[in-house]
Amino acid sequence: MRLRYKKFSVSDDWEYVSSRAVSHLVDDTCGMIAIDIDTGHRVAAAIFDHLFKGSAQVHVMIDNPRVLRHGFLEAAADFVFNFLDKQVCFGLTPASNLKAMRFNTRVCGFTEAYRIPNGYAPGKDLVLMQLLKEDCIQLSRTSEDV
């Protein structure tokens, strides 16, 4: 798989993003789309919004898990921590979504910052997860490769 990345465009990419993630288009929504060079299809996206001076909320959608072996997470980390110059990225995940919780912690390196009881639905917690720039293993891989 060969990937190229393009800047997220509301007119070109919002339908792709909104059909795959619980996200709302806001004034500061930005990000990157991964395109499979061989097929021309979108295969993943990292979308950031609610940009504060030190942090950004992240939404990741992956259609083809092979992107994980071809630098997608490293490119997303570079985008948020270096290009956007953020120190922390955060996300909200339903505690009942065990697959997403495992992916966020084991693959991406997020940690649970806070659990909101009944935050997702009655009886279902919502987990605020965070990834600090200094703890980002994908960013260290990007730095080592340069």
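**Cysteines**

The structure, a predicted model, holds zero disulfides. Cys-30 is in no disulfide, and the cysteine sulfur nearest to its own belongs to Cys-89, 12 Å away. With a relative accessibility of 17%, Cys-30 counts as buried, because buried means under 20%.

Cys-89 is likewise in no disulfide; its nearest cysteine sulfur is that of Cys-136, at 6.9 Å. A disulfide needs two cysteine sulfur atoms within 2.5 Å, so a distance of 6.9 Å does not qualify. Cys-89 is buried, and its relative accessible area is 4%.

**Nonpolar cores**

The largest nonpolar core has 31 residues. Within this core, Phe-48, Phe-72 and Phe-81 are the residues with the most contacts. Two or more residues of the core come from each of these elements: strand S2 (30-36), strand S3 (42-49), strand S4 (55-62), helix H2 (72-83) and strand S7 (124-132). Helix H2 gives the largest share, eight residues.

Leaving aside neighbours within four places in sequence, Phe-81 has contacts with Lys-86, Gln-87, Val-88 and Cys-89, and also with Leu-131, Leu-132, Lys-133, Cys-136 and Leu-139. Both Cys-89 and Cys-136, named above for the distance between their sulfurs, are thus among the contacts of Phe-81.

Another core, of 10 residues, lies apart from the largest one. Its residues include Phe-8, Trp-14, Tyr-16 and Ile-47.

**Surface patch**

Leu-92, Tyr-114 and Ile-116 make a nonpolar surface patch of about 280 Å². Of these residues, Ile-116 is placed in strand S6, which covers residues 111-121. The relative accessibility of Ile-116 is 30%, and it counts as partly exposed.

**Residues with positive phi**

His-50 is a residue other than glycine with a positive phi, near 50 degrees. His-50 is placed in the loop between S3 and S4. The relative accessible area of His-50 is 37%, so this residue is partly exposed, a class that runs between buried (under 20%) and exposed (over 50%).

Asn-118, also not a glycine, has a positive phi near 60 degrees. Asn-118 is found in strand S6, the strand that holds Ile-116 of the surface patch. With a relative accessible area of 48%, Asn-118 is partly exposed.

Notes: Residues numbered from 1 in each chain as written. Predicted model: local features only at pLDDT ≥ 70, side-chain atom pairs only at ≥ 80, totals over all residues. Heavy atoms only, no water. Patch = residues over 30% accessible without salt bridge, like charges linked within 9 Å, V, L, I, M, F, W, Y side chains within 5 Å. Areas by Shrake-Rupley, 256 points an atom, 1.4 Å probe, with all protein chains shown as cover. Salt bridge = Lys/Arg side-chain N within 4 Å of Asp/Glu carboxyl O. Helix = DSSP H or I, 4+ residues; strand = E, 2+ residues; numbered from the N terminus. Buried < 20%, exposed > 50% of the residue type's maximum accessible area, 1.4 Å probe, protein only. Core = buried A, V, L, I, M, F, W, Y, C linked by side-chain atoms within 4.5 Å. Contact = heavy atoms within 4.5 Å.
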